[in-house]
2 protein chains.
Amino acid sequence: MNRVYMDHAAATPVRRRVLDAMLPYFDREFGNPSTVYDMGSKVKQVVEGQREKVAELIGAKPGEIIFTSSGAEANNLAIKGVAFARQKKGDHLVISSIEHHSVLNSARFLERMGFEVAFLAVDKYGLVEPERLMEAIRPETILVSIMHANNEIGTIEPISEISSVCRENGVVFHTDGVATVGNIPVKVDKLGVDLLSLSGVSLGAPKGIGALYFRDRIRLMPLIHGGIQERGRRAGTENVPAIVGLGKALELAAEELANGVNGSRVREMRNTLVSGVQERIEHSKHTGHPEKRLPGHASFCFEAIEGEALLFMLSQGGVYANTGSACASKALKTSPVLAAIGIPPEVAQGSIVFTMNGSNRIEEVEYVLEKLPPAVERLRSFSPVWKKSMAA
Amino acid sequence: MNRVYMDHAAATPVRRRVLDAMLPYFDREFGNPSTVYDMGSKVKQVVEGQREKVAELIGAKPGEIIFTSSGAEANNLAIKGVAFARQKKGDHLVISSIEHHSVLNSARFLERMGFEVAFLAVDKYGLVEPERLMEAIRPETILVSIMHANNEIGTIEPISEISSVCRENGVVFHTDGVATVGNIPVKVDKLGVDLLSLSGVSLGAPKGIGALYFRDRIRLMPLIHGGIQERGRRAGTENVPAIVGLGKALELAAEELANGVNGSRVREMRNTLVSGVQERIEHSKHTGHPEKRLPGHASFCFEAIEGEALLFMLSQGGVYANTGSACASKALKTSPVLAAIGIPPEVAQGSIVFTMNGSNRIEEVEYVLEKLPPAVERLRSFSPVWKKSMAA
């Protein structure tokens with residue numbers, strides 16, 4: 001076993017077919033899509049073709065897709081773009097307390113700009129309760145943002161129920177679909193969302209690209225002002241190769257979802273990992289919802305150890321996982337997501353997240369189940385906390 | 001002559017050596033730089049190495065460089081980032097009336113947010129006069145932004161003089177260096193700037209990448225909020241291949257600038273084109289400053305024709321140029337830059353811009369001088385305006 005990579009939520013290698021699709025647009029077809037001559041208009045058509053494809057895959061219209069440089073940018077554009085465009089209608093936003101940093105910190109920025117933000121509590125599985133949302137919405141609420149699935153604990157939120165509450169109250173609803181699009185079926189109409197962020201980071205798309213779906217009547221203040229690209233909603237020369245890469249990666253992911261390659265097999269590997277860990281490692285906690293979760297997502301907290309030390313030890317044995325969100329790994333001692341679901345800080349410190357996809361194999365899961373228990377045991381043998389709790 | 005490409009300000013093919021440098025980071029070294037294990041920290045080192053290189057090339061420190069997704073994003077981050085961070089100190093900004101749309105429209109957004117913006121007039125060459133800037137600065141002025149060189153008329157602004165005025169008045173100064181970095185020597189200390197935007201669009205770097213230099217004491221509100229990437233100043237997974245591509249393209253451009261490949265030869269081609277056009281086409285105007293201009297930049301207005309029609313006709317003969325700014329080509333009938341230098345709208349409509357670099361050859365200039373006059377003549381023969389003015 002050379003390398004067992006189970007950190008697909010943080011990064012994936014660009015797939016061969018994706019890179020092959022991108023290559024012509026670096027040097028052969030390099031025109032600027034905004035130029036009027038054939039070299040430009042040809043590339044413009046390629047970009048519009050990708051827009052149609054991405055739109056179709058999530059059940060949207062091409063004019064409802066804005067390409068961005070990342071899922072984080074799409075989240076920023078959604079939150080700030082709606083807030084600034086609807087400022088005259090109200091100054092109140094509701095987000096969940098387990099949103100990705102790009103949503104959370106966009107909301108905190110808006111607080112500095114005079115908006116008010118309600119942070120919605122979640123239950124012990126990380127689920128948002130629609131009744132609580134109903135109570136949080138006020139006449140001046142202009143936007144609700146609740147993620148489709150959480151990247152740290154894997155829980156999938158009841159988006160259709162949440163969107164119904166928003167619709168009944170006439171509030172615009174955004175969901176961060178970075179963890180779900182391509183991994184589970186996502187159709188904007190079925191979910192009933194007004195805006196949805198996505199990226200291909202976990203799908204073998206290149207870095208540096210994401211997209212925002214916005215229902216066609218939604219007004220948006222641009223985040224990046226300037227030229228007329230993306231119909232005036234996002235300035236900067238279109239990143240043509242990356243747009244082609246995102247389109248191709250989403251297309252392949254959708255095919256594999258449809259023919260079941262990624263569905264049941266990935267779910268089975270995840271279940272094997274979860275039950276194996278629960279059997280083999282005492283004082284461990286499987287975080288997030290047991291069933292309502294991303295197919296390839298397994299997350300745990302092990303008492304009395306440090307997640308980062310565990311990651312480091314595992315990586316020396318060729319196993320790659322994460323402590324939670326790559327974006328936050330050095331910023332925070334304990335995760336606000338784990339705090340929000342009621343995990344005490346001393347347990348939350350021992351957090352580890354495995355994210356698998358169709359490229360993983362069951363043998364890799366078995367290898368992890370071989371390596372993980374002795375690593376946890378070894379770290380615990382160093383831990384004064386562990387000795388104390390064992391002595392008690 | 002297969003294709004004569006003289007629209008390098010709008011787009012350039014990614015150079016072979018640049019693409020080769022990028023390729024390993026798509027699939028082999030794909031780790032997320034924010035992860036704690038070796039696969040991530042190795043890639044993190046690569047990103048930091050590029051940051052050091054870019055910093056060194058413009059005479060800055062690595063911690064003063066933020067990678068962005070484009071020059072447009074760098075401009076937005078500079079203008080909005082400084083304005084929001086310094087809001088308590090004042091609410092007044094000064095920009096020139098010929099800034100790129102990404103600066104101009106960022107300033108217009110700030111006007112909607114309650115800031116006041118002074119738009120500085122320029123002379124007939126597009127030069128900002130430092131005395132006028134002095135008059136425009138008020139006690140509550142927090143930021144001045146004047147571009148290093150204008151993309152439509154090629155004029156290079158007296159940045160050192162402008163920065164002296166700003167320094168004397170304690171005002172933060174940003175310059176948009178997208179048109180200059182890599183094309184002429186740029187050192188931030190010599191220019192005396194506090195912030196400088198750059199990209200590699202004209203240098204054979206990939207699309208989807210840019211950078212902002214900010215002097216280390218300058219406070220900046222992030223434009224894209226979220227994780228801890230770029231030391232908390234720009235969220236979103238680092239676009240590793242594109243960062244490597246930008247670094248390599250800037251490195252190659254600096255080498256060629258140093259050994260004179262791009263300097264005198266490009267300037268000579270430009271001069272041949274300018275004098276050739278002036279000799280061969282009557283009622284033409286060479287726009288921008290005759291000497292203080294970008295080496296590969298030649299811009300003209302031809303009376304009584306439409307620039308877009310001319311471009312289209314030229315492209316059918318294999319010659320590719322631009323009407324001005326690619327970002328604005330479909331947005332506006334006449335260019336605000338040409339209006340600002342006093343070109344009447346009916347003349348400004350016949351605008352054409354050639355941007356050459358070291359990949360161009362003198363034979364190509366001769367080819368353009370062969371194709372351009374009959375194209376202008378042909379279009380004028382269709383033009384009622386032309387017939388009328390000839391009859392008068």
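Accessible areas come from the Shrake-Rupley method with a 1.4 Å probe. The model is predicted.

**Exercise 1. The surface of chain A**

Task: State how much area chain A exposes, and what share carbon and sulfur atoms supply.

Solution.
- Step 1. Chain A exposes about 14,500 Å².
- Step 2. Carbon and sulfur atoms supply 50% of that area.
- Step 3. Now turn from surface to interior: 64% of the 392 residues of chain A count as buried. Buried means under 20% relative accessible area.

**Exercise 2. The fold of chain A**

Task: Describe the make-up of chain A, then explain why it is as compact as a globular protein of its length.

Solution.
- Step 1. Count the elements: chain A has 16 helices and twelve strands.
- Step 2. Compare the radius of gyration with the rule. The radius is 22 Å, and the globule rule gives 21 Å for 392 residues. The two values are close, so chain A is as compact as a globular protein of that length.
- Step 3. Look at the box. Along the principal axes, the C-alpha atoms of chain A fill roughly 75 × 50 × 35 Å.
- Step 4. Check the contacts in chain A with a separation of 6 or more. Residues 24 or more positions apart account for 75% of them.
- Step 5. Add the charges. Chain A holds 45 positive and 45 negative charges, and their mean positions are 3 Å apart.

**Exercise 3. Two copies**

Task: Work out how chain A and chain B are related.

Solution.
- Step 1. Two copies of a chain are related by a rotation about an axis and a shift along it.
- Step 2. Here the turn is 180° and the shift is 0.0 Å; chain A then lies on chain B with an RMSD of 0.0 Å.
- Step 3. The copies are thus related as by a two-fold rotation axis.
- Step 4. Find the residue of chain A that comes closest to the axis. That is Ser69(A), with its C-alpha at 3.1 Å.
- Step 5. Inspect the interface. Of the interface residues of chain A, 100% are also interface residues in chain B, so the copies meet through the same surface.

**Exercise 4. Positive phi**

Task: Place Glu230(A) and His283(B) in the structure, and decide whether each is buried or partly exposed.

Solution.
- Step 1. Recall the background: most residues other than glycine have a negative phi.
- Step 2. Glu230(A) has a positive phi, near 50°. For His283(B), too, phi is positive and near 50°.
- Step 3. Glu230(A) sits in helix α9, residues 229-232 of chain A. Its relative accessible area is 9%, so Glu230(A) is buried.
- Step 4. His283(B) sits in the loop between α10 (263-280) and β9 (284-286) of chain B. Its relative accessibility is 37%, so His283(B) counts as partly exposed.

**Exercise 5. Contacts across the sequence**

Task: Describe the surroundings of Ser197(B) and Arg219(B).

Solution.
- Step 1. Ser197(B) belongs to strand β7, residues 195-199 of chain B. Its relative accessible area is 0%, so Ser197(B) is buried.
- Step 2. Set aside neighbours within four places in sequence. The contacts of Ser197(B) then include Gly71(B), Asn75(B), His174(B), Asp176(B) and Leu212(B).
- Step 3. Leu246(B) is 49 residues from Ser197(B) along the chain, and their C-alpha atoms are separated by 13 Å.
- Step 4. Arg219(B) lies in the loop between β8 (210-214) and α9 (240-258) of chain B.
- Step 5. Beyond four places in sequence, Arg219(B) is in contact with Gly81(B), Val82(B) and Ala85(B).
- Step 6. Arg219(B) and Ala85(B) are 134 residues apart along the chain, yet their C-alpha atoms are separated by 6.1 Å.

How values were computed:
Residues are numbered from 1 along each chain as its sequence is written. Chains are lettered from A and ligands numbered from 1 in the order in which they are written. This is a predicted model: local features need pLDDT of at least 70, side-chain atom pairs count only at pLDDT 80 or more; totals for chains, interfaces and linings use all residues. Side-chain values use heavy atoms; hydrogens and water are left out. Copies are superposed by least squares on the C-alpha atoms of residues with pLDDT of at least 70 in both. Contact means heavy atoms within 4.5 Å. Helices (H or I, at least four residues) and strands (E, at least two) are DSSP runs, numbered from the N terminus. The radius of gyration is taken over C-alpha atoms; the globule rule is 2.2 Å times the number of residues to the power 0.38. Buried means under 20% relative accessible area, exposed over 50%, partly exposed in between (1.4 Å probe, protein chains only). Lys and Arg count as positive and Asp and Glu as negative; His and the chain ends are not counted. The place of a charge is taken as NZ of Lys, CZ of Arg, CG of Asp or CD of Glu.
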